[in-house]
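Reader: I keep meeting terms like salt bridge and contact. Could we go through them on a real example?

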Amino acid sequence: MWQLTPGQSLVARQWDEDLVVYNALSGATHRLGLGAAVLLGVLEDGPASEATLAVALQTEFSLDDGEVDAELPAMLDRLSRLELIQPCSCSTA
Amino acid sequence: MLLLDSLTRAELRRRLRRGELVLRTGPFATRIRSDIAAVADGMACIYGAHSVEPPDSFADFQVNLLRSTGWRRWFRPQVRFDHDGDAPFTPLPLAQAFPMLEWVMNWCVSNHAHSYLIVHAAVVEKQGCAVILPAPPGSGKSTLCAALAMRGWRLLSDELALVRCSDGLLIPLVRPVSLKNASIDVMRAFAPESRFSTPVGGTIKGIVGHLRPMEDSVARAHEPARAAWVVFPRFEAGAATSLAPVSKTDTFMRLIDNAFNYPTLGQQGFEVLAGLVDGCEGADFVYSRLDEAIAVFDGLAEGTS
Amino acid sequence: MKRALLVEVLRDPGQVSGFAPAQWELLLRQARSAGLHGALPFVLDDAGIEAPAAPRAHLDWMRVVARRHSDSMRNEVRLIAGALGGTAPLLLLKGAAYLMAGLPTARGRLFGDVDILAPKESLPAVERALVLQGWAATHHDAYDQRYYREWMHELPPLEHMHRGTAIDVHHAILPETAALRPDPARLRACAAPIAWPGAMAGERPLHVLAPPDMVLHSAVHLFWDGEFDHGLRDLFDLHRLLAEFGTRPGFWDGLPARARELTLELPLFYALRYAARLLGTPVPAGVTAQLAAAAPNRARLALMDALFLRALLPMHASCADVFDKPARFALYVRGNWLRMPPLLLARHLFHKAFLSPRPPPATDDV
């Protein structure tokens, strides 16, 4: 299960195929792809499992299972290293 | 309004010795104290058209440029700088006192003036089209900026682009353009009417000279401008002049790299910069011939107006 | 004329209404010099004072710096709590404590390091946990390492490799070599929990010292350290802490007794004396009377007055007089002497001057 880092607030702008994001908690600015934006968007509504996140990506980008499985762990790892998301031991209500 | 030109040299030196010389440059007033002749000479040459405020007025920054004392007075004399008692730089040879004044005035602004997003860039404007020229050292930004300033473009700044946080407008900080080495000769040839401070050798950048801003730019220092272009210049000997688009996202990220106080401004910095990028086109610009470069910029001004 | 405008304004913000532009300029310069430039905008806001346009711009600039600072320090505390893991409370001291507890004294208070208090036996584990998460030792000289670990009351300061932020891990508030022995176990026993601000959920509970202990720690920190660069800032902390806690029932009644319990009556005596003298801090007569017994003799007190009242002013040319430098040096020596027995002091100072590794040559990046 994954969640947005607690206490976080993000401001984002998009002009073309990328997103720029300001993380008010860490004071850092990041450039993210739209895939990351979709993941953050899902997590904004509450913690979600990897399966849920995979489905969201598949839906938004018309991907097949293989493509998502190959990319998703790396995306989650990167967002986690940027302290935008973190694993949580919670369950959705 | 008292202009620096109207002070006799003796009066200028007297005020400088006593810390009573308060120079207005754009939105800032700087109180300068110095016992060094080269500082007075440089100021008389470069800042003649700028206004000087009464000694007891409010100054934003206090800059002291004094001869080092002790044995240094006689052997390779030095100038030491302190900003009101704080001494962030090591002393330099006395001959570099006027360039040092310019560098420390930049330092004062970029370290304190947090009602602006401050970008390391030149800003020029013509016919309502303002162009921001960010560039790391060695990109030829200042030479290009000087050339534009001598061909009808208003100079807002050579080193520091001030983007006012409250409304995103560019605020002029009209100060001289600093040029190095061969660029000084190039500019003298390109615009014989240009006036320079005495070039100073032996600095870490080589020979440094400052170009006096045109009277029109100084007179319009209170007039803000709206940015229309962010152009990243690069001088490349013998290259064809080219202007290639840069995406807004790339422009945004590259401006962060050139912004002094982006981290300090936090979320507001992000929003001001995003607003700026919203309203601008971005481009990479390569040039080797100044006249061709000016033509391209004149074209941008025509296109916008 | 030398005038500590800053002290006058901290004491009575309304003074600024008569200021000429040159005085505003001097006030801002003194505030920067004293490290109080973050706090000054809040002091004036609280007094309902709006500055004229030119100085107002500076106050706005200072507000931006203060905001950035507090945001980044809150994040730092969050990351430290995360790095240390476990469930034992994280006990914050000084600036970080005031900030996370939301105390008025935190407003605009700029500070360099996060300070925490941990039991002595836990220090090796704390150090390991921090190093694992990117903090690194700064004082590599073996002598400095020993100075901190054996003689002082803290780990050598650790600095984070990427963020550049620093943390000081203390096991006591005075070194074991000092004559006064405030027992850290007593401090920890009375520590109080505070909530994580906003939505910042932390698994690890945050603690701060109990109000009288915060005041006493601030007094010790101010009067037992050798360095007075931020003397006025620290005195102003005391002033604001006392203003905040003074209204709480039982605070003043309990303060002298707690000071006695922690062997800190003399620092408290000085703290209250100079806060009242310089900043007009209201101190109940009963409290002053109870501490009178701890006061030094008249001759010594006169000397201390002369030294401290100068040393606590902003370190700015406009406030200095010819006695200033010797006063500060005398207090530096005193500060170190109070922390170490005489023999150790001499050796330490000797070693510092002659045997410490030379710093790397300064690079000229003008």
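Author: Here is how those terms apply to two meeting places in this model.

Author: This is a predicted model, where local features need pLDDT of at least 70, side-chain atom pairs count only at pLDDT 80 or more, and totals for chains, interfaces and linings use all residues. Residues are numbered from 1 along each chain as its sequence is written, chains are lettered from A and ligands numbered from 1 in the order in which they are written, and side-chain values use heavy atoms, with hydrogens and water left out.

Reader: What makes B:Asp5 and B:Arg212 a salt bridge?

Author: The rule wants a side-chain nitrogen of Lys or Arg within 4 Å of a carboxyl oxygen of Asp or Glu. For B:Asp5 and B:Arg212, the closest N and O atoms are 3.7 Å apart, so the pair passes. Two salt bridges are counted between domain 1 and domain 2 of chain B.

Reader: How do you know where those domains of chain B lie?

Author: The bounds come from an automatic or database domain assignment. Domain 1 of chain B covers 2–112, and domain 2 covers 116–304. Their centres, taken over C-alpha atoms, are 25 Å apart. Even so, 22 residues of domain 1 and 28 residues of domain 2 are in contact, meaning heavy atoms within 4.5 Å.

Reader: What is the buried area between the two domains of chain B?

Author: About 2,000 Å², with 66% of it on carbon and sulfur atoms. "Buried" here is the accessible area (1.4 Å probe) that two parts lose on being put together, summed over both.

Reader: Now chains B and C: why is the pair B:Arg31 and C:Glu25 called a salt bridge?

Author: Same test: their N to O distance is 2.9 Å, so this pair fits the rule too. The interface of chain B and chain C has one salt bridge. Helix 8 (262–278) of chain B is among the elements that each supply at least two residues to the side touching chain C, and this helix gives the largest share, four residues. Helices (H or I, at least four residues) and strands (E, at least two) are DSSP runs, numbered from the N terminus.

Reader: How many residues make up this contact between chains B and C, and how much area is buried?

Author: Chain B brings 24 residues and chain C 18. Together they bury about 1,800 Å², 64% of it on carbon and sulfur atoms.
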